[in-house]
Amino acid sequence: RIFVQGLLQAFIKAGKIDPRGVETRLKRYVAEEIEILPDHPLLDVLDDPNELMVRSNLWIVSVSNILVTGRCLWIINPDKKRPEITPIPTTWATPIHDTKNGKLFARWSIKPPASNDPAIEIPGEFVANFYFPDPENPFGCLSPMAQMMESVLSSENIKTAQRVAFSNEIN
């Protein structure tokens, strides 16, 4: 808390933050008012998300998905004795919007790309949708990998040119 206050004071002195709103925000989130919940059902589910995964697997898959595609989807299954979280690849899921009732992401159609099985529809309230919002498209998301794709491709082309030059014994 002391570090945050010092950092805020530095920003106030530099003129980067309006000092009028800082005090109310600081008072709203002081450490003494935060209730730490050592036992909570959500913590139990995050520790052991499903039969196939442990916590580290859930986070690795989730972070990888959001960094590569800009979106991460979790299917929440509350019907079992203990709720489960199952992350799914974003390429498997297509949102279905309810235009009659004006509800976005009302359902999700889940189907692996190479599968011949019919798609499974899951109600939207059982899918947690995390994403980097796209300012140009309220339905879309921004993929960090897509944003730097030109740089990645340039780097790959340089490596390919170096490999060809060395295999042709230029040096």
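Phe 132 is partly exposed, with a relative accessible area of 33%. This residue makes a handy starting point for a walk through the structure, which is a predicted model.

**Around Phe 132**

Where does Phe 132 lie? Its place is the loop between β6 (127–131) and β7 (133–134). On the surface, Phe 132 joins Val 63, Leu 67 and Val 68 in a nonpolar patch, and together these residues have about 320 Å² of accessible area. A residue needs over 30% relative accessible area to count towards such a patch, and Phe 132 has 33%.

Just past the loop comes β7, which connects to β8 by a hairpin of two residues. The two strands run antiparallel and are joined by two bridges, with β8 covering residues 137–141. One bridge partnership to look for here is that of Pro 133 with Cys 141 in β8.

**The cysteines**

Cys 141 brings us to a question that matters to anyone at the bench: how many disulfides does the structure hold? The number is zero. As for their surroundings, Cys 141 is partly exposed, at a relative accessible area of 22%, while Cys 72 is buried, at 3%. The cut-off helps to read these values: buried means under 20% relative accessible area, so Cys 72 falls within that class.

**Two open sheets**

Going back to β6, we find this strand in an open sheet of three strands, ordered β2-β1-β6 with antiparallel pairing. Its edge strands are β2 (84–88) and β6, each of which pairs on one side only. From one strand to the next, the twist averages 25°. Strand β1 (residues 71–77) meets β6 in the antiparallel sense over five bridges.

A second open sheet, also of three strands, follows the order β3-β4-β5, again with antiparallel pairing. Here β3 (93–98) and β5 (120–123) stand at the edges; each has a single partner strand, so one side of each lacks a neighbour in the sheet. Neighbouring strands of this sheet are turned by 35° against each other on average, with direction ignored. Strand β4 (residues 103–110) runs antiparallel to β5, and four bridges join them.

The table below sets out three strand pairs, with a bridged residue pair from each.

| Strand pair | Bridges | Residue and its bridge partner |
|---|---|---|
| β1 and β6 | five bridges | Leu 73 and Asn 129 |
| β4 and β5 | four bridges | Trp 108 and Ile 122 |
| β7 and β8 | two bridges | Pro 133 and Cys 141 |

Technical notes
Residues are numbered from 1 along each chain as its sequence is written. This is a predicted model: local features need pLDDT of at least 70, side-chain atom pairs count only at pLDDT 80 or more; totals for chains, interfaces and linings use all residues. Side-chain values use heavy atoms; hydrogens and water are left out. Patches are made of residues with over 30% relative accessible area and no salt bridge: like charges are joined within 9 Å, nonpolar side chains (Val, Leu, Ile, Met, Phe, Trp, Tyr) within 5 Å. Accessible areas come from the Shrake-Rupley method with a 1.4 Å probe; for residues, only the protein chains shown count as cover. A salt bridge is a side-chain nitrogen of Lys or Arg within 4 Å of a carboxyl oxygen of Asp or Glu. Buried means under 20% relative accessible area, exposed over 50%, partly exposed in between (1.4 Å probe, protein chains only). Two strands pair if DSSP finds at least two bridges between them. A disulfide is a pair of cysteine sulfur atoms within 2.5 Å. Axes are lines fitted to C-alpha atoms, for helices over the stretch in contact, and angles run from 0 to 180 degrees between N-to-C directions.
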